[in-house]
Amino acid sequence: MVEQRRERERRQGERRRGKGKRQEDRAVGGDEVDRAWDALVATARRTVADGLVVGTSGNVSVRVGDTVLVTPTGVPYDRLGPDDAVGVGLDGRQVLGTLRPTSELPMHLAVYRDTGARAIVHTHAVHSTAVSTLVRELPLIHYMAAALGGPVRVAPYATYGTAELAGNVLRALAGRTACLLQNHGTLAHGDTLDQAYDRTAQLEWMCRLWLIATASPAGPPSLLTPSQLDEVTAGLRNYGQPDAP
């Protein structure tokens with residue numbers, strides 16, 4: 001009985017310390033971090049709901065100042081709550097939370113350090129991953145490639161979570177906001193989580209379109225020329241509603 005009581009007291013102490021650490025982290029992060037974490041969790045859950053990932057595959061991150069909030073490794077997104085926030089500095093040092101960050105952290109940090117990205121979505125989307133095994137660059141099947149900066153390149157395969165993969169992704173992203181990862185999936189970044197997610201969805205749609213077109217017995221699909229894509233790129237500069245005064 002004494003040993004059981006001591007074990008209960010030990011567990012209660014661990015829970016109190018963990019709760020205290022989470023409260024301290026939130027105090028350090030502030031409201032902006034809280035809002036960003038909520039948006040990150042919502043985006044991660046959306047990747048599952050829309051079939052872009054299965055289980056705990058893929059990951060999402062968002063930058064708040066010099067802190068990168070990122071999904072933790074091996075935790076189902078529907079179990080994540082406000083107390084589960086994970087944050088790291090640009091040097092990879094964990095500064096927020098007790099859960100371990102995603103194993104793809106090196107790739108996320110490399111993109112943040114090398115680009116102006118403020119949010120990243122990485123998925124294992126089926127059609128995009130299939131295309132990554134077939135070509136080195138997604139053919140110009142649709143003008144929405146212009147919204148991603150041009151023809152979408154495929155980053156050569158490397159083991160997940162490695163510096164090699166991070167380097168391959170950076171080269172594939174040069175001048176682009178999205179790329180395919182060979183035999184792996186997709187990565188898209190943007191100024192916001194919504195923008196990064198939208199680019200991910202657009203890429204998956206274009207890959208599905210290309211697979212359907214190439215499977216048709218009617219013959220190879222027509223493709224856009226670089227000059228045609230340039231015309232769309234120019235038009236997209238004025239796309240959407242003007243900023244509010």
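Okay, let's start with the sheet. Eight strands come together in one open sheet, and the order across it is S4-S3-S2-S1-S5-S8-S7-S6, with mixed pairing. Out at the edges you've got strand S4, residues 94–96, and strand S6, residues 154–155, and each of those pairs on one side only. Just so everyone's clear, this is a predicted model.

Let's stay at the S6 edge for a minute. S6 pairs with strand S7, residues 178–181, in the parallel sense, and there are two bridges between them. If you want to find one on the screen, look for Ala155: its bridge partner in S7 is Leu181.

Now, the helices on this part of the sheet. Helix H4, residues 163–173, packs on the sheet and touches S6, S7 and strand S8, which is 185–190. The direction of H4 makes about 135° with that of S7. Then there's helix H5, residues 193–215. H5 lies across strand S1 (59–64), strand S5 (119–123), S7 and S8, and it runs at about 145° to S8.

Okay, zooming out. How many helices and strands does the protein have? We get six helices and eight strands. Going along the sequence, the pattern reads α-β-β-β-β-α-β-α-β-α-β-β-α-α.

A few overall numbers before I stop. The protein has 245 residues, and 43% of them are buried. If you take the contacts with a separation of 6 or more, 66% are between residues 24 or more positions apart. And the surface: the protein exposes about 13,300 Å², with carbon and sulfur atoms supplying 50% of that.

Notes
Residues are numbered from 1 along each chain as its sequence is written. This is a predicted model: local features need pLDDT of at least 70, side-chain atom pairs count only at pLDDT 80 or more; totals for chains, interfaces and linings use all residues. Side-chain values use heavy atoms; hydrogens and water are left out. Two strands pair if DSSP finds at least two bridges between them. Helices (H or I, at least four residues) and strands (E, at least two) are DSSP runs, numbered from the N terminus. Contact means heavy atoms within 4.5 Å. Axes are lines fitted to C-alpha atoms, for helices over the stretch in contact, and angles run from 0 to 180 degrees between N-to-C directions. Buried means under 20% relative accessible area, exposed over 50%, partly exposed in between (1.4 Å probe, protein chains only). Accessible areas come from the Shrake-Rupley method with a 1.4 Å probe; for residues, only the protein chains shown count as cover.
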